[in-house]
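Please open the structure in a viewer and keep the sequence at hand. The stops below proceed by selection, each followed by a description of what is found there.

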Amino acid sequence: AVTGSPAPGTVSFTVDQLAQAHQVVSATTFGSASDLVGAGTFSIALGSNPVPFTFTTTAGTTYGQLAQQIASSGAGISASVVSVDGTTSKLVLTARTTGASSAFTASGTQPALASFNLLQQGQDSKITIGTGANAVQLSRSGNQVNDLMPGVSLNLQATSSTPVTITVQQDVASMVNAV
């Protein structure tokens, strides 16, 4: 997308990796969102933040209520109870932002929430300009690249094994027609 008045130019690059959000799923299954979690403490530790977000559950707390507490806590994590096959469910936690810094760990003192399996590692997008020893690799926490070409914003959609070329040029034909 053109976001300003870019100067004419060309840049070629490969998209090596797309940014993605960190996502985990409870290792243990349970019946549904209305099943009871049990009394205990559930914690989410975000990246380099030494202080985890802690949620206290009672004997009457359901998985649905815990998911709602997590989602509205300000921790930057969405939580949902997902039905696996109609008789079993799992708790899925997903970072609301992409990038390597979106990584988190989750664990609880409740037996069903003691451990989580990684579904998707939070990672930065990576693009490489040029080839060989002098190639430059750029890394961004999201899939938006706003500083590769002044006045042009790129939204990365897929990885590429061959170079992608972006060219900004004047539309001479339109200028001639306008005159």
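## The four-stranded sheet

Begin by selecting the four strands that form an open sheet in the order β5-β6-β2-β8, with antiparallel pairing. Strands and helices here are DSSP runs numbered from the N terminus (E, at least two residues, for strands; H or I, at least four, for helices), and two strands pair if DSSP finds at least two bridges between them. β5 (77-83) and β8 (116-120) are the edge strands, each with a single partner strand, so one side of each has no neighbour in the sheet. On average, neighbouring strands of this sheet are turned by 25° against each other, direction ignored. Such angles run from 0 to 180 degrees between N-to-C directions, with axes as lines fitted to C-alpha atoms, for helices over the stretch in contact.

This is a predicted model, in which local features need pLDDT of at least 70 and side-chain atom pairs count only at pLDDT 80 or more, while totals for chains, interfaces and linings use all residues. Residues are numbered from 1 along each chain as its sequence is written, and side-chain values use heavy atoms, with hydrogens and water left out.

Next, select β2 together with strand β6 (residues 89-95): three bridges pair them in the antiparallel sense. Within this pairing, V25 has V92 in β6 as its bridge partner. Then add helix α1, which lies across β5 and β6 and runs at about 160° to β5.

## The three-stranded sheet

Now select the open sheet of three strands, whose order is β4-β3-β7 and whose pairing is antiparallel. β4 (53-57) and β7 (104-108) stand at its edges with a single partner strand each, so one side of each is left without a neighbour in the sheet. Here the average turn between neighbouring strands is 10°, direction ignored.

Colour strand β3 (residues 40-46) and β7: these antiparallel strands are joined by five bridges. I44 stands opposite A106 in β7. Helix α1 (residues 63-71) packs on this sheet, touching β3 and β4, and its direction makes about 155° with that of β4.

## Aromatic rings

Show the aromatic side chains. How many aromatic pairs are there? The count comes to three, where rings of Phe, Tyr and Trp (its six-membered ring) pair if their centres lie within 6.5 Å, and planes under 30 degrees apart count as stacked, over 60 as edge-to-face and the rest as tilted.

Select F30 and Y63, a stacked pair at 3.5 Å centre to centre with 5° between the planes. F30 lies in the loop between β2 (23-26) and β3, and Y63 in helix α1, so the pair ties together parts that are 33 residues apart in sequence. F30 is buried, with a relative accessible area of 7%, and Y63 is buried at 4%. Buried means under 20% relative accessible area, exposed over 50%, and partly exposed in between (1.4 Å probe, protein chains only).

Move on to F42 and F55, a tilted pair at 6.5 Å centre to centre with 35° between the planes. This pair links distant parts of the chain, with F42 in strand β3 and F55 in strand β4, 13 residues apart. Add F116 to the selection: ring pairs link F42, F55 and F116 into a cluster.

Centre the view on F42, which is buried with a relative accessible area of 0%. Beyond its neighbours within four places in sequence, its contacts include L66, I70, L93, A106 and L113; contact means heavy atoms within 4.5 Å.

## T14 and its surroundings

From F42, travel to D16: their C-alpha atoms are separated by 36 Å, although the two residues are 26 apart along the chain. Select T14, which is placed in strand β1 (residues 9-17). T14 is buried, with a relative accessible area of 15%.

The side chains of T14 and D16 are joined by a polar contact of 3.0 Å. A polar contact is a pair of N or O atoms within 3.5 Å; within protein, one must be able to donate a hydrogen and the other to accept it, and residues adjacent in sequence count only if both atoms are side-chain atoms. Setting aside neighbours within four places in sequence, T14 touches residues including K126, I127, T128 and P163.

## The salt bridge

Finally, select D147 and R140, whose side chains meet in a salt bridge (2.9 Å, N to O). The structure holds one salt bridge, defined as a side-chain nitrogen of Lys or Arg within 4 Å of a carboxyl oxygen of Asp or Glu. R140 is partly exposed, with a relative accessible area of 24%.
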